Amino acid sequence: MCADDNIFENSKCALSEKQIESVFYLNSDDFRPIPQKPRLRFDSEQVPQPEHDTVEIELASQFYAWLGSLNEMEAKEGSETVADLSMHFAQQESYCMSIIDKTDEILSKLCQLKERYLSVSEKTNNLHETCESLLRKQTDLTEKATQIETFLQYFTVLSSIEAKLSARSIIISPDRLEPVLESIDSSIAFLEQHRSFKDSEAYLARLNTCLNTALLTVKEGVKNAIRRVVMEIVELGDAIVPENSFILLYGRFRSQASRIRSLMQLLESRADTSQKYRDVITECQMYYLTKREALVIPVAQASIADLTSKYSRDHCELFRTTVSFMLHMCEDEISLFRRFFEPQETPASNHAQKDSIPLTSMLSNLCYCVYDALRPFLIHINHIEILTELCDLLVNEFLDDQINAKSRVDLAVFENMCQSLLADVRQRLIFRADVYIKSQIHDYEPSAGDLAYPEKLEMIEQIASSLQHSTENETHSNGAQLKEQEQKEARPMTSTSSTDFHGMWYPTVRRTLVCISSLSRCLDTESFQGLAQNCLSACIQSLITAQRHIKERKTASDGQLFFVKHLLILREQTTPFNVEFRVRETSLDFTSIKSAAYQALPKLGSGLFDFSRANTLLRLLLLEGPTVVDTDVDSRRQLDRHLKIACEEFISSAVAALTSDLPAVDKAETVVRLESRHALGPPDQLKDAVSAALHLLSANQMKSASPNSLVAIRRKLTLYLGNPNTVAIMMRPVETGVVQSWRKVAKIITEHYSQEEQMVIACPTESQIRLFFHA
């Protein structure tokens, strides 16, 4: 195709402009003109001439001749060179033209091949598409055939299922029933999803009938197995005693557990697929639990009756043994139930919670055998100590330890029974505590020994002193070092021994603290606060009564110190109870009605029966009403208030006793206003009064000291209170009061008596008076 045309005009063989220009120059004759004159050569261009070509030029003619020969030679050589080049380029041109011809030929053949390739490729693609279409159709047909065959299996399997279930000698075993149930379930699930198929409703009804038949077969097999075990146990009759009840009631059932469990697993594994399975499982459980309840409850009641008759006098042991018996029985029932049926620990649906209802009902009936047996004993318990022990027993041994250790959801029934018992015990405890507070604390009638103060404290002090002396005698034989150590330990004991013995406390104080301590660990905070406040108030009232009797029997200071001593004990012992001894009491105030009635009576007149606004009595009844008053009763504040009053009374009486011999300062101040000399009396008489008053402060011997002396008062404080710090606190205001009285007397003596009279009176200074208190 390219060989027929000029290669310079052919577009497929086009040359660039530079290439065309080169070819044009090569074809032109005057491309390289022949030089007319010899070109000068430089030294580097000198060509060595052979020796025989050397020409000697001597004349100008010789030079021109030589020059001409050179021109001829150059022209000749140039023409030869041009001819050679022309020949060479012609050969190259012919060679290029041949290549171009071959290239055109090759290109034409390639074009033909391309056309043939495109044709073949198109035909091949069409063939592939046709094959793929045929393969897809074949695959679709195969799938449809397989699907039709699969669908037909759900219909054709019905006849085999009916034949197996209608057989007379059907064997109830999991291996034979499992494929039947699997086929029924899969067929029913398929037909329910494809109700549009022809005859699907008819086949679905027949499959449901087969399912009911299969479930009835399994249910009857389970019931028959349970019924046989029950009949074996019933035939034994009176042979069932508490000693062999576990073997008979549990061993016989456990022997059939594996067979029944294998049948129940068939149903439990399919419980999520159909409600019928769940209904049959529930029915089997109900049948099992009904039979178990009929067998177990009479045995449990008989065992509980034996325990109640055995421990009828020991209530704590009765509660412990019967509740423990029921706990073990519940655990055995739960364990046996789980051998037959699957436990529902984490319910995945709503029906899982319903599965535990039959077992819960059976355990509840079983547990309340204990509750019904123990409640008659509970309502006849009158001792608070027994009731508190029962509370501790139920909480610590059963509710906290057992339930938390087992952590089983099924034991919630047992826990509810224990909670009911605990609630009844607490209710009984609250009632008996209220009765105890009223009868044994508030209405307590003290005996002569209870009021023997300070004789009881002196006796205790003598006992402690004798113990100290015996200890000191033993230390003499063991060495001086041991003696010092024992003395250090015995010294604080002798100072507080009279107050440390709990047996020397007033009975109502001891009972109050024991009652509060017992109630604190058994009752809730609200109930405990009310009872504790009531108990503390009753105790304070009993102490007030005892104080009055001791004042009548001994002295006022003995009654006051007795009251202070026990109030301090109450405050110290009730501090660890981190509750408020306060209750809110609600009452009705009829003061407004009373006032309105007094105002309305004069206005009644003749309009008493007039039903109008003018009737004052009617307005009083309809508009006026009682006022609700809330009052906070705080026993701890009441205790502090009584303690403060008692301390102030004792301090006042002690100051009055220590300054009883001093002249009356109030009367002296009146005399001072009337006359200026001897306001406190004559100097000799005043000297005797001052000496007598100083004697009360300075007496050191207990036998010779007056009951109103400083030593006797300090001795009595130490005897009652015991603690040196408390004694010092009580003596400080006494000292202040005495010093103030002496200060007033000294002031009057200084202002209204002469120096000589002051020396005769010999009134001590304030610092001297204070020395008596710190000696």
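Which residues are linked with Arg743 in a network of salt bridges? I looked this up before anything else. Glu735, Glu766 and Arg770 join Arg743 in that network. I note here that the model is predicted.

**Entry: overall make-up**

I took the secondary structure next and found 26 helices and 2 strands in the chain. The chain has 775 residues, and buried residues account for 34% of them. I then looked up the accessible surface, which comes to about 47300 Å². Carbon and sulfur atoms hold 54% of that surface. For the contacts, I kept pairs of residues at least 6 apart in sequence; 77% of these join residues at least 24 apart.

**Entry: salt bridges**

I searched the whole structure for salt bridges and got 23. I went through three pairs one by one.

The first note is on Arg270 and Asp185, whose side chains form a salt bridge with an N to O distance of 3.1 Å. Arg270 sits in the loop between α6 (257-268) and α7 (275-310), while Asp185 belongs to helix α3 (residues 174-193), so the salt bridge ties together parts 85 residues apart in sequence. I checked whether each partner is buried or exposed. Arg270 is buried, at 7% relative accessibility. Asp185 is buried too, with a relative accessible area of 17%.

The next note is on Glu268 and Arg261. Their salt bridge has its closest N and O atoms 2.6 Å apart. Glu268 has 11% relative accessibility and counts as buried. Arg261 has 17% and also counts as buried.

The last note of this entry is on Arg553 and Glu455, a salt bridge at 3.4 Å, N to O. This pair links distant parts of the chain, with Arg553 in helix α16 (residues 525-553) and Glu455 in helix α13 (residues 455-478), 98 residues apart. I looked up accessibility here as well. Arg553 is partly exposed at 41% relative accessibility, and Glu455 is partly exposed at 29%.

**Entry: a nonpolar patch**

I looked for nonpolar residues on the surface and noted a patch of about 360 Å². Ile106, Leu107, Leu110 and Leu113 make this patch. I located Ile106 in helix α2, which covers residues 60-165.

**Entry: cysteines**

How many disulfides does the chain have? I counted 0. I then asked why Cys535 has no bond to Cys515. The sulfur of Cys515 is the closest cysteine sulfur to that of Cys535, but the two are 4.4 Å apart, which is too far for a bond. A disulfide needs the two sulfur atoms within 2.5 Å. I also looked up how covered Cys535 is, and at 1% relative accessibility Cys535 is buried. Cys647 is buried as well, at 15% relative accessibility.

**Entry: Pro663**

Where does Pro663 lie? I found Pro663 in the loop between α20 (635-658) and α21 (665-674). Which residues is Pro663 in contact with, leaving aside its neighbours within four places in sequence? I noted Leu680, Leu686 and Ala689. For Ala689 I also looked up the C-alpha separation from Pro663, which is 7.1 Å. Pro663 and Ala689 are 26 residues apart along the chain.

Definitions and conventions:
Residues are numbered from 1 along each chain as its sequence is written. This is a predicted model: local features need pLDDT of at least 70, side-chain atom pairs count only at pLDDT 80 or more; totals for chains, interfaces and linings use all residues. Side-chain values use heavy atoms; hydrogens and water are left out. A salt bridge is a side-chain nitrogen of Lys or Arg within 4 Å of a carboxyl oxygen of Asp or Glu. Helices (H or I, at least four residues) and strands (E, at least two) are DSSP runs, numbered from the N terminus. Buried means under 20% relative accessible area, exposed over 50%, partly exposed in between (1.4 Å probe, protein chains only). Patches are made of residues with over 30% relative accessible area and no salt bridge: like charges are joined within 9 Å, nonpolar side chains (Val, Leu, Ile, Met, Phe, Trp, Tyr) within 5 Å. Accessible areas come from the Shrake-Rupley method with a 1.4 Å probe; for residues, only the protein chains shown count as cover. Contact means heavy atoms within 4.5 Å.
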